[in-house]
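Here is a short briefing on how the pieces of one model fit together. Keep the structure open while you read.

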Amino acid sequence: MTRLLITLLAGLVMFSQVATAQNGPLRIEITDGVVEPLPFAVPNFVAETGQASQYARDISLLIATDLSGTGLFREIPAKAHISKITNFSSPVQYADWKAINAQALVTGAVSVSGNNLEVKFRVYDVFAGQELGSGLRFKGTTDGWRRMGHKVADEVYSRITGEGGYFDSRVVFVSEMGPKNDRKKRLAIMDYDGADIHYLTDSSSIVLAPRFSPAGDKVLYTSYETGFPQVFVLDVGSVQRRALQNQKGTMSFAPRFSPDGSKVVMSITENGNTDIYSMAVNGGAPKRLTSSPAIETAPSFSPDGSKIVFESDRSGTQQLYVMSVNGGEAKRISFGQGRYGTPVWSPRGDLIAFTKQNKGRFHIGVMRTDGSEERLLTASFLDEGPTWAPNGRVIMFTRETQGASGGASLYSVDVSGRNLKKVANGASDPAWSPLQK
Amino acid sequence: MSGWTKAALLVAGMTLAACSNNDGLFGSGSSGTGTGTGATAIEPGSVNDPTSVAYFQQTVGDRILFVVDQSTLTDEARLTLQSQANWLMENTDYVAVIEGHADEQGTREYNLALGARRASAVKEFLVSRGVAGYRLNTVSYGKERPLEICSAEACYSQNRRSVTVLTAGLSS
């Protein structure tokens with residue numbers, strides 16, 4: 001993986017303007033009320049060396065695409081620009097950007113030396129007439145140019161919204177090919193925006209529901225490679241894998257890492273009864289956390305590691321429950337109509353995303369961790385399996401279309417329910433990585 | 001352990017055969033060789049051979065169906081399973097993997113657990129009718145291996161199933 005070097009450009013004369021705009025007027029408060037996207041301009045970054053022109057264009061475009069893709073920003077196209085940025089160090093003509101109502105301006109420069117790529121950028125609050133934050137410089141290799149573009153976009157997003165970004169992240173998922181009754185599945189990994197797909201397994205056996213470790217270096221998933229569903233752990237770098245538990249006569253599935261990466265919770269089925277267990281990633285005996293004859297599955301840790309949300313049909317239908325990481329009594333939190341499954345605790349800790357099945361339709365929804373303020377974000381023939389963006393603002397999920405030619409795709413939606421869009425075709429079971437380092 | 005894996009691979013092959021209705025795949029695998037004489041002789045391994053896998057699949061019935069979100073056995077299912085139990089006790093060379101399946105209306109994880117319940121209900125019934133438990137393994141495919149692919153009850157009802165998949169295991 002490309003290593004990125006981030007340098008604060010403070011101290012240089014051209015960055016001497018003190019960034020006091022953090023509390024200034026240029027700020028999107030992300031609330032349910034935001035409907036008018038903030039207009040911004042990203043003029044082509046300046047190519048400071050001969051080989052840098054293509055990278056400069058591609059990186060500027062990627063930044064604009066990342067920002068526009070959130071639904072919170074709207075790009076003012078280059079043909080509307082009055083000023084051209086031809087020198088990264090020249091003063092910005094605020095009036096020219098005000099005139100086209102660009103509230104935020106991102107300028108940058110790219111230089112290439114051999115395989116090394118350097119990107120520097122600045123963000124301006126046009127109407128305040130000042131820089132927002134300080135200039136930054138990223139150093140990496142040319143094949144890592146996308147990550148550097150995403151890093152810049154994350155920084156811009158973060159300075160304007162006051163929240164963490166999510167563009168420099170990846171998604172592990174199940175790639176699907178072939179008809180419904182002969183579907184080939186393999187694990188794959190890609191950038192959050194669908195670029196740069198790599199396969200982690202072949203399609204010789206069914207694979208299901210991969211989940212990232214908190215560091216993003218390992219993936220838990222369920223494979224039928226022994227003929228029976230079993231939880232495996234795979235190293236993303238080496239693609240080496242091993243079965244996590246291997247008790248004959250049982251099946252295991254629905255694994256997830258604890259927030260510190262040391263433990264795994266999952267379902268183990270014995271004699272037809274499915275319960276939740278936890279065990280150390282490095283081995284040892286699974287510890288049983290539930291023990292009812294009901295189906296108990298889809299466990300997910302709270303980000304502080306103290307609780308587990310899961311689904312159970314102990315009441316007669318699938319509902320959501322919260323219990324201590326050590327098991328014991330569980331509190332039901334879902335009480336609406338229909339069935340609730342696949343709960344996932346948000347990385348911010350404030351919400352739980354879930355799949356809801358009601359009156360023949362499927363929904364992705366969110367609720368507070370006590371079950372209050374339930375909101376459905378989507379509706380379709382079959383939506384399931386939500387996963388959170390690292391900043392807890394966006395949810396990705398599987399949408400399966402109906403009928404003999406039906407297929408699975410990945411979609412994302414803002415936690416407010418806006419900005420629903422397709423991310424990838426022929427794919428299911430997404431799991432979003434943390435922001436990359 | 002390697003024998004276990006081998007059996008699983010065989011099972012995978014058999015599942016595909018069942019899905020494509022490719023009967024007779026196991027004709028050459030059963031005991032004895034064809035006599036080749038006499039028009040009335042029963043071809044070993046064929047559906048007319050009551051000790052064959054093909055006979056088990058087609059005449060005894062290798063699958064039963066379930067009601068939506070249920071793992072309880074219907075009266076019709078019990079009749080089929082009683083015949084399966086009788087056959088398995090006659091043909092003791094075979095072991096079986098009981099597959100549990102669900103239709104597509106449900107989340108992936110829940111359907112895996114539901115399929116396991118269904119397979120387990122079948123195993124318990126067969127054991128209660130005298131089949132040795134060690135001859136029967138269970139596996140759930142959840143909604144991963146539908147037989148019919150329309151999104152309507154006509155297909156869903158065929159996909160909510162358990163299939164008893166035989167392997168000539170004990171004597172080999």
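**How the helices of chain B cross**

α3(B) and α4(B) are oblique to each other, because their crossing angle falls in none of the roughly parallel, antiparallel or perpendicular ranges. That angle is roughly 55 degrees, and the two axes come within 9 Å. Keep in mind that this is a predicted model. The points below start with chain B, move to the contact between the chains, and end with chain A.

**α3 and α4 of chain B**

- The crossing of α3(B) past α4(B) is right-handed.
- On the α3(B) side, the residues are Arg78(B), Leu81(B), Gln84(B), Ala85(B) and Leu88(B).
- They meet Val122(B), Phe125(B) and Leu126(B) of α4(B).
- Sorted by class, this contact has 6 nonpolar residues, 1 polar residue and 1 charged residue.

**α2 and α3 of chain B**

- Helix α2 of chain B covers residues 53-61, and helix α3 of chain B covers residues 75-90.
- These two helices pack at an angle of about 145 degrees.
- Their axes are 10 Å apart.
- Here too the handedness can be stated: α2(B) passes α3(B) in a right-handed crossing.
- From α2(B), the contact draws on Phe56(B), Val60(B) and Gly61(B).
- From α3(B), it draws on Thr80(B), Ser83(B), Gln84(B) and Trp87(B).
- Gln84(B) appears in this contact, and Gln84(B) also takes part in the contact with α4(B).
- The class count is 3 nonpolar, 4 polar and no charged residues.

**Where chain B touches chain A**

- How many residues does each chain bring to the contact? Chain A brings 33 residues and chain B brings 27 residues.
- On chain B, the elements that give two or more residues are α1 (2-19), α4 (108-128) and β3 (136-142).
- Which of these elements gives the most? It is α4(B), with 11 residues.
- α4(B) therefore has two roles in this picture: it is oblique to α3(B), and it gives the most residues to the side of chain B that touches chain A.
- The chain B side divides into 17 nonpolar, 5 polar and 5 charged residues.

**The two domains of chain A**

- Chain A is divided into domain 1 (5-161) and domain 2 (170-432).
- The C-alpha centres of these two domains lie 36 Å apart.
- Their contact takes 4 residues from domain 1 and 8 residues from domain 2.
- The domain 1 side of that contact has 1 nonpolar, 1 polar and 2 charged residues.

**α1 and α3 of chain A**

- Helix α1 of chain A spans residues 53-69, and helix α3 of chain A spans residues 145-161.
- Their axes come within 9 Å and cross at roughly 45 degrees.
- α1(A) and α3(A) are therefore oblique to each other.
- The crossing is right-handed.
- Among the α1(A) residues in the contact are Tyr55(A), Ile59(A), Leu62(A) and Asp66(A).
- Among the α3(A) residues are Trp145(A), His150(A), Val152(A) and Tyr157(A).
- By class, the contact has 11 nonpolar, 2 polar and 3 charged residues.

**A sheet from β12 to β15 of chain A**

- This open sheet has 4 strands in the order β12-β13-β14-β15, with antiparallel pairing.
- Which strands lie at the edges? They are β12 (207-212) and β15 (241-243), and each pairs on one side only.
- Neighbouring strands are turned by 25 degrees against each other on average, direction ignored.
- β14 (residues 230-235) and β15(A) pair in the antiparallel sense over 3 bridges.
- Leu234(A) has Arg241(A) in β15(A) as its bridge partner.

**A sheet from β16 to β19 of chain A**

- Another open sheet of 4 strands runs in the order β16-β17-β18-β19, and its pairing is antiparallel.
- Its edge strands are β16 (250-257) and β19 (283-288), each pairing on one side only.
- On average, neighbouring strands here are turned by 30 degrees against each other, direction ignored.
- How many bridges join β17 to β18? There are 8 bridges between β17 (residues 263-270) and β18 (residues 273-280), which run antiparallel.
- Lys263(A) stands opposite Ala280(A) in β18(A).

Methods:
Residues numbered from 1 in each chain as written. Chains lettered and ligands numbered in written order. Predicted model: local features only at pLDDT ≥ 70, side-chain atom pairs only at ≥ 80, totals over all residues. Contact = placed C-beta atoms within 7 Å. Nonpolar A, V, L, I, M, F, W, Y, C, P; charged D, E, K, R; others polar. Axes fitted to C-alpha atoms, helices over the stretch in contact; angles between N-to-C directions. Left-handed = near helix turned anticlockwise from the far one by under 90°. Domains from an automatic or database assignment. Parallel < 35°, antiparallel > 145°, perpendicular 65-115°, else oblique. Pairing = 2+ DSSP bridges.
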